Amino acid sequence: ALIWVVLRDEPSKHPHCNVAEQTLIAAGKPLDAPSTRDTAGRIPWGPLLRSGSMWANSISQVGTNIGWVFIVTWFPDYLDKVHHVKIVERGVMASVPLFVGWFGMLGGGKLTDFFVEKVGLRWGRRWPWGGSRFLAVAAFLACPLLDFSPWAVVVAMSVVAFATDLGSAAGWAFCQ
(Lines give C-alpha, C1' and ligand atoms only; values in the text may rest on other atoms or scores of the structure.)
Protein backbone atom coordinates (compact mmCIF):
# COMPACT_ATOMS: atom_id res chain seq x y z
CA ALA A 1 0.00 0.00 0.00
CA LEU A 2 2.85 2.40 0.84
CA ILE A 3 4.51 1.78 -2.53
CA TRP A 4 1.19 2.36 -4.31
CA VAL A 5 0.76 5.69 -2.49
CA VAL A 6 4.34 6.93 -2.87
CA LEU A 7 5.55 5.71 -6.27
CA ARG A 8 4.11 7.17 -9.44
CA ASP A 9 4.87 6.91 -13.18
CA GLU A 10 5.38 10.66 -13.40
CA PRO A 11 6.22 13.19 -10.65
CA SER A 12 3.20 15.26 -11.67
CA LYS A 13 0.94 12.40 -10.57
CA HIS A 14 2.31 12.37 -7.01
CA PRO A 15 0.02 14.28 -4.65
CA HIS A 16 2.92 15.87 -2.72
CA CYS A 17 5.08 16.90 -5.70
CA ASN A 18 4.55 20.65 -6.18
CA VAL A 19 5.16 22.68 -9.32
CA ALA A 20 8.60 23.91 -8.19
CA GLU A 21 9.78 20.32 -7.60
CA GLN A 22 8.33 19.18 -10.94
CA THR A 23 10.21 22.01 -12.69
CA LEU A 24 13.44 21.04 -10.94
CA ILE A 25 13.01 17.37 -11.96
CA ALA A 26 12.21 18.35 -15.57
CA ALA A 27 15.32 20.57 -15.71
CA GLY A 28 17.52 17.57 -14.84
CA LYS A 29 16.12 15.35 -17.61
CA PRO A 30 17.82 15.24 -20.99
CA LEU A 31 15.71 16.82 -23.72
CA ASP A 32 15.64 13.60 -25.72
CA ALA A 33 14.68 11.39 -22.74
CA PRO A 34 11.86 9.09 -23.82
CA SER A 35 8.67 9.02 -21.84
CA THR A 36 7.84 5.76 -20.08
CA ARG A 37 4.72 5.63 -22.22
CA ASP A 38 6.86 5.78 -25.38
CA THR A 39 9.07 2.85 -24.37
CA ALA A 40 6.57 0.48 -22.79
CA GLY A 41 5.39 -2.26 -25.05
CA ARG A 42 4.92 -5.95 -25.41
CA ILE A 43 7.44 -8.42 -24.02
CA PRO A 44 9.64 -9.69 -26.87
CA TRP A 45 9.15 -13.39 -26.05
CA GLY A 46 10.74 -14.72 -29.25
CA PRO A 47 14.10 -12.95 -28.90
CA LEU A 48 14.14 -13.62 -25.16
CA LEU A 49 13.58 -17.36 -25.56
CA ARG A 50 16.23 -17.57 -28.31
CA SER A 51 18.81 -15.65 -26.27
CA GLY A 52 21.68 -17.84 -25.10
CA SER A 53 22.68 -15.14 -22.62
CA MET A 54 19.21 -15.14 -21.07
CA TRP A 55 19.28 -18.95 -20.68
CA ALA A 56 22.82 -18.92 -19.23
CA ASN A 57 21.81 -16.17 -16.81
CA SER A 58 18.67 -18.03 -15.72
CA ILE A 59 20.41 -21.37 -15.23
CA SER A 60 23.23 -19.68 -13.35
CA GLN A 61 20.82 -17.86 -11.05
CA VAL A 62 18.81 -21.00 -10.27
CA GLY A 63 21.92 -23.11 -9.70
CA THR A 64 23.61 -20.54 -7.51
CA ASN A 65 20.52 -19.79 -5.49
CA ILE A 66 20.03 -23.45 -4.58
CA GLY A 67 23.34 -23.38 -2.71
CA TRP A 68 22.64 -19.97 -1.23
CA VAL A 69 19.17 -20.96 -0.02
CA PHE A 70 20.69 -24.01 1.68
CA ILE A 71 23.16 -21.81 3.55
CA VAL A 72 20.59 -19.31 4.83
CA THR A 73 17.79 -21.78 5.61
CA TRP A 74 18.77 -25.43 6.05
CA PHE A 75 22.42 -25.27 7.06
CA PRO A 76 21.75 -24.83 10.81
CA ASP A 77 19.26 -27.72 10.67
CA TYR A 78 21.83 -29.86 8.84
CA LEU A 79 24.44 -29.12 11.53
CA ASP A 80 21.94 -30.12 14.19
CA LYS A 81 20.49 -33.27 12.62
CA VAL A 82 23.61 -34.71 10.95
CA HIS A 83 26.43 -33.58 13.24
CA HIS A 84 24.50 -32.92 16.48
CA VAL A 85 26.24 -29.57 16.98
CA LYS A 86 25.11 -27.73 20.11
CA ILE A 87 23.08 -24.58 19.48
CA VAL A 88 25.73 -21.98 20.40
CA GLU A 89 28.43 -23.56 18.24
CA ARG A 90 25.84 -24.15 15.50
CA GLY A 91 25.02 -20.44 15.51
CA VAL A 92 28.69 -19.59 15.06
CA MET A 93 29.12 -22.23 12.35
CA ALA A 94 26.06 -21.03 10.42
CA SER A 95 27.28 -17.42 10.62
CA VAL A 96 30.77 -18.07 9.25
CA PRO A 97 29.70 -18.57 5.59
CA LEU A 98 27.61 -15.40 5.69
CA PHE A 99 30.53 -13.43 7.13
CA VAL A 100 32.94 -14.85 4.53
CA GLY A 101 30.41 -14.08 1.78
CA TRP A 102 30.51 -10.44 2.83
CA PHE A 103 34.15 -10.27 1.73
CA GLY A 104 33.18 -11.79 -1.60
CA MET A 105 30.56 -9.10 -2.09
CA LEU A 106 33.08 -6.36 -1.31
CA GLY A 107 35.64 -7.80 -3.73
CA GLY A 108 33.28 -8.70 -6.56
CA GLY A 109 32.92 -5.21 -7.96
CA LYS A 110 36.67 -4.60 -7.85
CA LEU A 111 37.34 -7.95 -9.54
CA THR A 112 34.83 -7.25 -12.29
CA ASP A 113 36.25 -3.76 -12.87
CA PHE A 114 39.76 -5.24 -13.03
CA PHE A 115 38.77 -7.83 -15.65
CA VAL A 116 36.74 -5.31 -17.69
CA GLU A 117 39.81 -3.09 -17.86
CA LYS A 118 42.10 -5.98 -18.85
CA VAL A 119 39.96 -7.98 -21.31
CA GLY A 120 36.99 -5.75 -22.18
CA LEU A 121 33.38 -5.51 -21.16
CA ARG A 122 32.06 -8.84 -22.46
CA TRP A 123 34.72 -11.17 -21.02
CA GLY A 124 35.45 -8.91 -18.07
CA ARG A 125 31.97 -9.69 -16.79
CA ARG A 126 31.80 -13.30 -17.94
CA TRP A 127 35.01 -14.50 -16.27
CA PRO A 128 34.22 -13.36 -12.71
CA TRP A 129 30.62 -14.43 -13.03
CA GLY A 130 31.22 -17.82 -14.61
CA GLY A 131 34.35 -18.59 -12.62
CA SER A 132 32.69 -17.74 -9.32
CA ARG A 133 29.71 -19.94 -10.18
CA PHE A 134 31.92 -22.93 -11.04
CA LEU A 135 33.84 -22.43 -7.79
CA ALA A 136 30.57 -22.33 -5.82
CA VAL A 137 29.31 -25.50 -7.52
CA ALA A 138 32.60 -27.31 -6.87
CA ALA A 139 32.53 -26.38 -3.17
CA PHE A 140 28.88 -27.37 -2.83
CA LEU A 141 29.52 -30.73 -4.53
CA ALA A 142 32.53 -31.33 -2.25
CA CYS A 143 30.36 -31.22 0.87
CA PRO A 144 29.42 -34.94 0.88
CA LEU A 145 33.14 -35.76 0.80
CA LEU A 146 33.72 -33.47 3.78
CA ASP A 147 30.88 -34.84 5.87
CA PHE A 148 33.40 -36.33 8.35
CA SER A 149 33.63 -32.94 10.09
CA PRO A 150 31.08 -30.16 10.54
CA TRP A 151 33.87 -27.56 10.36
CA ALA A 152 35.02 -28.97 7.02
CA VAL A 153 31.49 -28.46 5.70
CA VAL A 154 31.49 -24.93 7.15
CA VAL A 155 34.64 -24.22 5.14
CA ALA A 156 33.01 -25.56 1.97
CA MET A 157 29.84 -23.53 2.61
CA SER A 158 32.05 -20.48 3.18
CA VAL A 159 33.60 -21.01 -0.25
CA VAL A 160 30.07 -21.30 -1.70
CA ALA A 161 29.03 -18.03 -0.03
CA PHE A 162 32.24 -16.23 -0.99
CA ALA A 163 32.08 -17.35 -4.62
CA THR A 164 28.37 -16.61 -4.92
CA ASP A 165 28.81 -13.09 -3.57
CA LEU A 166 32.03 -12.52 -5.51
CA GLY A 167 30.18 -13.08 -8.80
CA SER A 168 27.11 -11.01 -7.90
CA ALA A 169 28.55 -7.72 -9.16
CA ALA A 170 29.36 -9.22 -12.54
CA GLY A 171 25.93 -10.88 -12.68
CA TRP A 172 24.10 -7.65 -12.02
CA ALA A 173 26.31 -5.76 -14.47
CA PHE A 174 25.53 -8.40 -17.11
CA CYS A 175 21.78 -8.08 -16.50
CA GLN A 176 21.94 -4.31 -16.86
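Which helices each supply at least two residues of the lining of the largest pocket? Hi everyone, the answer is α5 and α7, where a helix is a DSSP run of H or I with at least four residues, numbered from the N terminus.

A word on the model first. It is predicted, so to speak of local features we need pLDDT of at least 70, and side-chain atom pairs count only at pLDDT 80 or more, while totals for chains, interfaces and linings use all residues. Residues are numbered from 1 along each chain as its sequence is written, and side-chain values use heavy atoms, leaving out hydrogens and water.

Now the helix pair. The axes of α5 (residues 52-81) and α7 (residues 121-142) come within 10 Å and cross at roughly 40°; axes are lines fitted to C-alpha atoms over the stretch in contact, with angles from 0 to 180 degrees between N-to-C directions. The two helices are therefore oblique to each other, meaning outside the ranges under 35, over 145 and 65 to 115 degrees. On the α5 side, the contact (heavy atoms within 4.5 Å) includes S53, N57 and S60, and on the α7 side R126, W129, R133 and F140.

Back to the pocket, an open set of points on a 1 Å grid over the protein atoms alone, where a 1.4 Å probe fits, with protein on both sides within 12 Å along at least five of seven lines. Its lining has 14 residues, those with an atom within 4 Å of a point. Nearest its centre lie A56, S60, W129, G130 and R133. Helix α5 gives the most to this lining, with seven residues. Thanks, everyone!
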